[in-house]
Amino acid sequence: MSSANLTASSGRRINRLSDRAIKNLFIWPTLILLIVMNVFPLFYSLYLSFTDYSAIARVAPRWIDFANFVDVLNNEQLWRYFATTGRFAFLSVGLQMVLGFGLAMLVREKFAGSGIVTTLILIPMMLSSVVVGLFWKLMYNPTFGYLNFLLGLSNPATSPDWLASRVANIPVPGLALWSVVFVDVWMWSPFVMLLALSGLNAIPDYLYEAAAIDRASSWFQFRRITLPQVAPLMLIAVLFRTIEAFKSFDLVMGMTGGGPGDQTEVIAVNLYRLAFTQWDTGFSSAVAYIILIIIIAISNLYIKYLNQMRDG
Amino acid sequence: MATIELHQVEKKFGDFPAVKPMDLTIQDGEFLVLLGPSGCGKTTTLRMISGLETVTGGTISLNGRNVTWLHPSERDVAFVFQFFALYPHMTVRQNIVFPLQAERMAPADIDKRVAEVVKMLRIEHLMSQRPGTLSGGDQQRAALARALVRRPAAFLMDEPLGALDAELREAMRAEIKQLHIDQHATTVYVTHDQIEAMAMGDRIVVMSNAVVQQVGTPAEVYYNPANLFVARFIGSPGMNLVQGQFADQTVRFSGEQNYEVPAEWKPAIKKATGSNSVTVGFRPEAAHLSESGALVGEVYAVDIHGSYSMLHVKLAGSNGDFEIVHVRTDRRTNYPIGAQVRFDLNPEMVRFFDTSSEAAIQRENA
């Protein structure tokens, strides 16, 4: 390179960044954001889970070894909330699978307007869950709610108060949880439908042609070809939805706030209460870590099963 | 076992005719090959017989039973697909038992049937593998096993060897032929490979442009092609076709050469060609070189095939134009390029075609 060129390039250094400088310019802001917002809190909360720290007390965290974890593991109430969460996850993921797969089977058939129908079905998934929680709370309202009206149960004295787990003022335990499950299913079945649909569309036509030649009935084809072909994608849907269901917070918080009593108190709602109403920061960090461990354990089970299914 | 009859069977995709109305009877136990270039309608015909494609006209009957509008599962035919169409999530064994389980056969009977075909196709060692891990040939054996295990009335095969490499294709060709000889089951076999068709078929149906061009034994379509298309399509290279004017017992080619028409052909040609334009057809092996040959040409190229050589001979035409004909010759003599050669045509193997209608001219007492 001649010296004239050299001066020219150094004179326009700002316009002409080196490749390395450009890389740094992209990487570092992201990396810093990640470290500040994710990595540091992750490790700091791990540290806090071994202390008696409270975020509103002007006291430095004090190291108390495994005391928080021992407390969590011995706390019966917490395990009841874990059980509620498990029940919620099992019911809502189970129903989502059935409904999502059914919807996928329906919209796979091309009919007039099937594109629009598919798009309409996807709308619930695109809404914010806080919004969904709040408007379903209104819909469930026993006095002016839409749902009872549509069901023809417009007398508040005898109609069900869904989110309060009462019918005609008689307690029906579980009604509130089922109501929340219903909304979660309403919101997330479209997601399962999308995954199932991509699985269904990936099944080559010739398999069905071969099955028709092999004299398989529709039911036999469904059981022996459609289901096994879609199963890996359905398992991925189960994985995603289970993780999400275990972390469920905004929908439940928006609809019931954990009530009535603690009937819908899922672990994430309780964690919020521990951390930001009781300000028991150290203890709640320990709870959060136990949730994390449970989710990782469940995910690993699924992934192991998924790999097994693929290798056959 | 079954006789398959097609009566005026037709298929149109929109306005486009994929198969124009055709009649065909496939005899019980026959190995019938549908042969033609891609897009000629042969696969569509096969799929209509299987029921995977509906007809737009005509009737199909199987053993006298009208099956035109029956679902594939009600026709009792097996179909072997070009790309095997094995169920990828099942083992070979599960693939083979699939049709038997679909008809709720008792497990003991299933085991017996499977044992039979496994022995026949020698695929014992593949049974617990998935199709994805198998070679093309083994996948095709598994697909054949799935078809055989049912003991269907007829086998329909859609280019079953098309996805295999050349060496394997030849071995599998013999295997399928052997299976047919064993089973003696009615088989309809689609291919675009005329060598395969000649080697395997009891009869060949040559198709082109949605129309059946000729139905006949391999020898018939080879020696007596019904028209110029069949003459060109069958054989490699195809039949030599040289156009000329028929007058006064001879055909005069454009290069001022005269070919004396064999006596037994004269009346037929005279009757058939109004315009006097006739195309002379002869196979490469029908020409033999000799010093005294009536036709003269110049060596254009030589292909050595090992057991024989194929000469490309340039026949001079008018205005510096020329035509290439292929002449089969023994491998020992060396013909330099550009050398002049003379040859005669075996009068028994010469065929004549009406140039304008492209149809073969038939001898009256043939």
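A colleague questions the modeller on the terms used for this predicted model.

Modeller: Local features here need pLDDT of at least 70 and side-chain atom pairs pLDDT 80 or more, while totals for chains, interfaces and linings use all residues. Residues are numbered from 1 along each chain as its sequence is written, and chains are lettered from A in the order in which they are written.

Colleague: What makes residues of chain A count as in contact with chain B?

Modeller: Two residues are in contact if their C-beta atoms, placed from the backbone, lie within 7 Å. By that rule, 16 residues of chain A touch 16 residues of chain B. On the chain A side, α9 (205-213) and α10 (218-246) each give two or more residues, and α9(A) has the largest share, six residues. Helices are DSSP runs of H or I with at least four residues, strands are runs of E with at least two, and both are numbered from the N terminus.

Colleague: How do you know that β16 and β19 of chain B pair?

Modeller: Pairing requires at least two bridges found by DSSP. Strand β16 (residues 295-304) and strand β19 (residues 340-345) of chain B are joined by four bridges, therefore they pair. B:Val296, for instance, has B:Arg342 in β19(B) as its bridge partner.

Colleague: Why are β15 and β18 of chain B called edge strands?

Modeller: The open sheet has five strands in the order β15-β19-β16-β17-β18, paired antiparallel. β15 (287-289) and β18 (322-330) of chain B each pair on one side only.

Colleague: Where do the bounds of the chain B domains come from?

Modeller: They come from an automatic or database domain assignment, which gives domain 1 (4-232) and domain 2 (240-354). The domain centres, taken over C-alpha atoms, are 39 Å apart.
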